[in-house]
Structure formats: C-alpha cells, structure tokens
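Hello,

Here is the structure I promised to pass on to you. Have a look at it first, and then read on for what turned up in it.

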Amino acid sequence: MSRHLPRYLVQLLGTVIGVVTVTFFLMRAIPGDPALYMLGDYATSDSVAALRAKLGLDRPVIEQYLLFMQRAVTGDLGTSVVTGQAALTEILHSVPWSISLAVSGMAIAIAIGVPLGVISASRQGTWVDTAVMIVALGGISFPVFWIGLVAILGLSHWAGLFPTLGASSEKGLWTSLHHLALPALVLGVSVAAYIARLTRSAMLEVLSQDYIRVARALGVPERRILYRLALRNAMVPILAVISVTFAWSLGNAILVEVVFSRPGLGSTIMKAVLARDYQLVQAGLLLLATAVVLLNTTFDALYVVIDPRLRSR
Amino acid sequence: MTSVTALCQPPPLSLVASSGVSSEFALEIRHLRTTFPGPDGPVAIVDDVSLAVRPGEMLAVVGESGSGKSMTFLSALGLVPKPGRVESGEVLVGGRDLMRMRPEELRACRGSAISIIFQDPMSGLNPVFSVGEQIGEVLRAHRRISPAQAKTQAIDLLNRVQIPDARRRFDHYPHQFSGGMRQRVLTAMAIAHGPQVLIADEPTTALDVTVQAQVLDLIDSLRREAGMAVVLITHDLGIVARHADRMVVMYAGRLVEEGPVGEVFAAPRHPYTISLLRCIPHLDAPAGADLMSISGQPPLSGSVRQGCPFEARCYVGRGREECRGTRPQLEAVGSPAHLSACHFSQSLEEEEARA
Amino acid sequence: MSNDTSRPALEADPASLAKSPGRFAPLLSHPGLMTGAIVLVVLVIVAIGAPWLAPHSPLKTDLMAAFAPPSLTYPLGTDQFGRCVLSRLIWGSRVSLQVALSVVLLSLSVGTLIGAIAGYAGGWTERLLTALTDVLLAFPGFLLALAIVAARGSSLESIVLAVSVAYVPRVAVVMRAVVLTIKSRPFIEASHAIGMSHLRILFRHVIPNAMPPVIVIATVSAATAILAEAGLSFLGLGVQPPIPTWGNIISDGQTAIINHPLISVSAGLCIAVTVIALNLMGDGLRDTLDPQMRRQTGARMF
C-alpha cells in the first residue's frame, strides 16, 4: 500500500494544479472588463483603473497566473468585493453548514439507496423490484429543488413536522438538527434514487457471475450468497457509485440550500455570482473542486483495500 | 439444518425393500423434459432423457454444443436458468426424487448428496475471498461446524486434491492459482461432503492437455476411494475412451446411443456415433488424406418435432420416410446394455453398402 | 467436432431462443423504450406546435386575472402576472428541447471524439487527454455549468455551452472505456494486418462499433441537460424572464406556493415526465442493444 502512495500524491497534486488553472482561466473567460463588471454601476474611469491595478489585471496573463498560484498556496484567494473580508475566510465560514448538509444527505442516501438496490437485485423481476425501480426513476427525474418545494409544502406547511427554513439563528443542537432534517432528507432522497439504480445494476452484474452459480450449485443458502458472497464483490462498483454521486450531490446541495434559504457554500457562491463578486466565486469553486479531488483519491485508496486482486500490483 | 440434510442420506434398507425404490443406482433420471420458450412455442432442450449411474461407475455423456448434455444435469439440480423450466420427469438420488422436493430440501442435497464441477475454473471461484474461505463456505452450508473445524477440514481437502503446501495456500486468493489448481480447488469444494454423485461438466475443456490428465486422474482416484458415481460430460472422445465405464451419446436433446464404452467404440450402432468416431483423425492414416467431418449443423435442441433429429445429416436416413416421420426409440442392439435409437440399427452395414 | 478439440465448445444459449427475430423487433417490444419514445414524440410535437397549441400568448399579462383558478379560458390557471400557465408550459417545452438537443449534439460530438482518440491512440496522447478530463471531472457538473454561465452571462447559448463543457469529459470517459474494449478485438488487429491506416480504422470500425453505448449516453445526457437548465433557470441564471422555461416557472411559483401550488407543481411535473421518458428510453436501449453496456454506461454519467 505504501508503494502506491507516491503515485497517488503526484496524481493528486497534478489534478489540484489543473483545478486551480481551470478556475483561473474560467474567471478570465468573463467577456469584457472584469473590473468594470465588478464595479457595475459605481464605475468611473478612475475607479476602474484603480481596481484593475489592484487586481493586477493590467499585467500579462502568465504573470497573473503565477501570482494567483503563489497567493493560492499561501491561502490568499483574494478579497470579497461585497464584504471586504478575505475570500477564503468568507468561504470557510459557510463550509460547516455545507458539510453537515452534504454528509447527512449522503448518509441518508446510502442508508436508503444501497439496501434498496440490493433487495431489488435479489428479487429481480418481481413486483418489489418493479416498485422500487419506478420510485427510483421518479427520484432521478424530478428536479431536486422541486422535491424540496413539495416537501416544504407537504411536510412543513401542511403537516407542520419541520421548519420551512433550513437554518435558524437560535443556538442548540436540537434546533440545528430540526432545521437540517428536511433539507438533508430532500437531498438524501434525491441522491438515494441514483444510488439505488446503480447498486441494483452492480448487484445484478455480480449475481450473473459463474462463481455465484457455483456457490448455488453446491448448496450455499441464498441469503449467504447475497449478503456475503455477492455483496463483497459488488462493494467496489458500489463504492465507485458513492464517490461519483457524492461529487454530483454537491451540485444538488446548492439547489437545496437555495430552496431552504440555508447558509452554506452553495448559497455563498450563488450570492457572490449575483453580486458579481468574482473573487468569492473563484475561491468557492476552487475549494469545492479540491475537496472533490481529495475525496476521489481517498476512495481510490479504499478500492485497493477491498479488492485483493489490486493488492499484488 | 442437520435434519434437512438427513433427507439426502440414502434411506434405510428396510424402507427401500418395502417401497420398491431401486437403490442399485446412485443417480437415476427418468423421462426428464426441460423446455425454453421459443418463437413458435416451447422448445424442449432436454427431450425425454433417461439414464442411470451406479455407485463407483463413471458415465460419460457425449454430444456437441447445444445437445442438451449440460442442461440435463442442471435440470436435475434445479439450476435451470430462467426462462426455462423442467416440465416433467424424475431425478432419483439415493432413491429420493429431487423434483418432488421443496426448494429448501433440494438446496440441502446440492453439494452434499449430489455435486457438480463446472467447465471454467477461471471464473468459478469468488475473486474477493480466499480459497480456504470458499471451501469453508461449502462446508458450513451443510454442517454446523466452527470456523476452526472448517479450516482443518478445508486444509484436509486441499491435501486430498493434491494442492501442495495446503496450509499456506489456504489463505491465498484465486488469482494466485493457475487454471489447473483452481479446478482442483473447485473439485475439493464439490467433494467436501462426500457426495454419492459427482457431475463433472466438461471439467478439462478449458485446461491444457497435461493438466487435463492430472485433473481426470484426480477425479478417478476420488471416485475409487469413495465409491462415488461420476457423470463426465464431455465432447472429447479420447477422454471417454480412457476413463469412462459406460457412455451415452446425445443429439438435439435426446439420447441416441448408450452402452459400455468398449462396446460402443468397437461396434457403434447409430449413424451419428459412427460418424463421430470416423471424425477422429488417426495417426496411421495416409498423409494428405482429408479430415472427416459431419456436414451441416445440429438443429436447435427440440426444434425437430417429428422423426429423427439426425435425419438431415444422416448418411443412412437422409430423406427416408421412416426417418422423417417416426421418432426412433432406444432399443437393445446386440447385448441388453447396449441401446441405440435408430430405425436401421440392426442393418447399418447393408444400408451403408447401399449408399 | 472431434476435428477441433483445441477450443472450448461454446454452449448454444437456449435463453436466446426467447428473443424475437429481426433487428428492430426487440426494440419495438420493450415496453419502457416504446413508452419513452412515444412520450418524447408527443413532446416534440407540442414544442414545434406551440404557436398553434397554446391557448394564449405566454407573455401576455392581465393583472386583473392574476392567480385565477383553473377554468376553460385558463386550463391551469394564471400566475401572479395573469399569464396563462398552460401556455407558458407549452412554450417552455421549446427551451427544454432546444437545450437538450444542442447539448447532446455538442457534447457528444466533441466528447466521443476526445474519448475515441484517447482510447485508441494510447501512450502520451491518452495520458494527456485523461489528465485533462480528470481535472474537469473534479468539478461537480452543475457547479461548473453554473460558473461558466456566471462568467458568460445568462442566455440560451451560454447555458448550452456551459452544460456541454460540463458534460464533455463525462462522455469522453465512457467513450474511452468503450473504445478500449473494441480496440482489443481481433478484427481490429486484422485490419492493421491488412494495412489499414489508423485514421481509417478509427472512423470506419472503432467509432461505428461504439455507437450503441453512445446512443444510450445521448439519452442520459439529454435528461441531465434538461435538469441542469431547469436548475440554472430556477436560480435565476438561466434563460431570463419573461421567456418561459420550466425552471423559471417553478421559481416564479415559489413565492406563491402555499396558496397557489399548481404553478410550480405543474412545471415540475413537465420536467419529470420528459426526463422519465428519456430515462426509460436509455434503460430500454441498454437492455435491448447489448447487456454488456450496463457496466460501461452506468456510474460515470454525472
């Protein structure tokens, strides 16, 4: 395992550098003058010139890029035009909110999605399978923000079970959890639908393998075949599914945060976009992408643990 | 669990005598018929197959791909893939009919009273579990034993199938074994509970010739040690000649010839068998002589609903009315143990001379 | 038979007897596939025929009739500006279909080319292209699209561009995997042996054989494109009002959702029906074209 470490780190570093580069050039893709864009209605030729100088926009692109890289490494990702605070600090404020939503959402999604997928696969062709798959199809086809609105309408407004806002200014663990519950549930259900479908595919693939046929032919009980012999093999593709859907769910999380007016990375980025606070958008994007890269690398390492065939390489 | 497994032990002699169930055979299949849905109605992949194997005997089942030879025994074990189904027939192991059993009883018999080794050792073992764990899985499927006992017994079995350094290899994974070794492991799993019947479905087809011989010799010695009945499904007549006691020849889902190996090879009494034997190249044939083959393709099993399925390719019966219209039944030719399903089985030499 | 004991005999698959004959017959007999296709055809007709099918202009406001309940004049009622909801939904289908079609064409043509080249060429070309796609894949798709739209401003073109850019690496990854399996097939080796140039092999053999998975990916990417456009419009970054798109109709209805849920709910249902139809088609194509594909086109499509 330690043999692989250098390779992973190099890959990680390369991807992160790539991410930073793409983010940098993305923000430069804004047509027109970014300084003008940022100042909007308050632009005068003097203020524009001053901002351009401050942002280093009058220097050649390569120099800007290197400066950006240099600053990024030290944690200086620019300043928010709106609040005047360091962009990184702004972002980091909202991270805990997003993490709690993303993690709880994924936990719910895995807790619902994986078992449903496994059960569906084990009962392929029966009404259970069809029913689960129909529900899952619905889950991936309704936009998550619509599900959120309907959930607010149904569970919050009519049933009064949950608060309509995704966060509250009151302190207290129970209050926080209470406000987290519905957004997490909505995110979780939406992601669970994907996980269920893909888990079912992975299980069906495994169940069609020869070694499962052999186990059955030699009298191993069906339960054991499913939950031990087959599942262990499906773990690698299921983990791959989880890692991919986690990255994707971050996109959904933005929509959930907006629907529930819940603070977090998504809301922050959205507000920054609407306020033309491009340093903040840049910082947020960078952080998210880097987090995804780190996560994927961790998962890659996990595969080696699970699949003995990968170990002797 | 122990009580269900007991269903698969041979019944006490007193019961046997009074019920008239024959205990002469370890495995007896009677009129087995398995169908799959087809474009024009159900197609019989296994079409009224009956055969029997005595304890300690090796029966070879010979036929081309699609002749139904594997499906016959998958049906016997209740492992027919959907959408196929077994329509009728009896499968008696130690006198008890597997077809009449509840699923849980049938499961208890699989691997303990009747066992199977499949064709492809490369994909037959679970890649994420060690070899020892997998043998243990089969052991604990039918007996309540502790993991430690399972380990001892598994190492024992690995020794029996001649895997060197068994104690260390117990923890190794399938990808660390060669094809021949994997087939030995699968054999160990199959004989773990000392089955009365072992089905070997083309166990050596995917292996090198030298390894083939080793695996077959292993099966042979296990057979002799335990008095196990073995069914060897193969398309390799050389293997049949060297290892089997009796043989049956299948074509298009039906039995066409059956008898002791020596007799069938020396005096085949069915045009298909004769053609097959002629196809074997001989070392002492003149150089430059063409290789023989049977022209045409076998029909999809069960698709020939009338007459003899071999008629279209038969050097005796092609185009003849009886062969087209009436289905030939298995009848004794020569000795009572040698049967053939051909309208002209008694007069093959004259027919050939005529052709 | 005894002539050839060197290769293991392949057992004829009795289960394949159950499949109907003919090339398109299996496609036609798959209920999910047919349902999806029919719904999609209806949708295309509605989108094309919007000017004639919509009872009112989607832009016409009538503040006196704001939030009118469903009636004969306004089958789904009106929104806060007195605009007919049904007409807006009908016209909204145009945007969704335009976006879906454009994204599919753009991302598939670029993505399959990149993926095919990466898979086929191997060596440094492959490593470079893979590194590039990995970087792009590090950004969650919706986020990347959002950032691009934020940078370039909201318009139909920038949405199409944004979603396509987000999707191209995902298509490329799947295509590369498919090409790798095709590349190792004996007939490719044979084509080399008779002296075919790489370019010819790529276009004449590799890409046509990769078509079935690509068709499946097309349906999935169309579905994702519609959901992405809806999300962007909902956030206010998509097609700008007053042009109706299902996403911004949901957003419009959000403030009034407690008393007048029909607006947002009906728009969401439109999106869902379309996406369900596309997914049914994708699933159906996967089932009928090649069971192998399930593995290839499964997880990586976000």
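Two residues are counted as in contact when their C-beta atoms, placed from the backbone, lie within 7 Å. With that in mind, let me start with chains B and A, bearing in mind that this is a predicted model.

How many residues does each chain bring to the contact of chain B with chain A? Chain B gives 26 residues and chain A gives 17 residues. On the side of chain B that touches chain A, the elements giving two or more residues are α4 (103–109), β6 (114–117), α5 (121–124), α6 (131–142) and α9 (179–191) of chain B. Among these, α6(B) gives the most, with 4 residues. Sorted by class, this side of chain B has 14 nonpolar, 8 polar and 4 charged residues.

Chain A also touches chain C. That contact takes 44 residues from chain A and 40 residues from chain C. Seven helices of chain A give two or more residues to the side that touches chain C: α1 (5–27), α6 (127–141), α7 (144–158), α8 (173–207), α10 (222–259), α11 (265–274) and α12 (278–306). The largest share of this side, 12 residues, comes from α10(A). By class, the residues on the side of chain A that touches chain C divide into 35 nonpolar, 8 polar and 1 charged.

Two of those helices, α7(A) and α10(A), also pack against each other, with their axes 9 Å apart and at an angle of about 30 degrees. Angles under 35 degrees count as roughly parallel, so α7(A) and α10(A) are roughly parallel to each other. The crossing in which α7(A) passes α10(A) is right-handed. From α7(A), the contact is made by A:V144, A:F145, A:G148 and A:L149, and from α10(A) by A:N252, A:L255, A:V256 and A:V259. Of the residues in this contact, 6 are nonpolar, 2 are polar and none is charged.

Finally, a word on chain C itself. Which secondary structure does chain C have? Chain C has 13 helices and 0 strands, so its pattern along the sequence reads α-α-α-α-α-α-α-α-α-α-α-α-α. Chain C has 302 residues, and 48% of them count as buried. Of the contacts in chain C between residues at least 6 apart in sequence, 69% join residues at least 24 apart.

Enjoy exploring the structure!

Best wishes

Technical notes
Residues numbered from 1 in each chain as written. Chains lettered and ligands numbered in written order. Predicted model: local features only at pLDDT ≥ 70, side-chain atom pairs only at ≥ 80, totals over all residues. Buried ≥ 20, exposed ≤ 12 C-beta atoms within 10 Å, placed from the backbone. Nonpolar A, V, L, I, M, F, W, Y, C, P; charged D, E, K, R; others polar. Axes fitted to C-alpha atoms, helices over the stretch in contact; angles between N-to-C directions. Parallel < 35°, antiparallel > 145°, perpendicular 65-115°, else oblique. Left-handed = near helix turned anticlockwise from the far one by under 90°.
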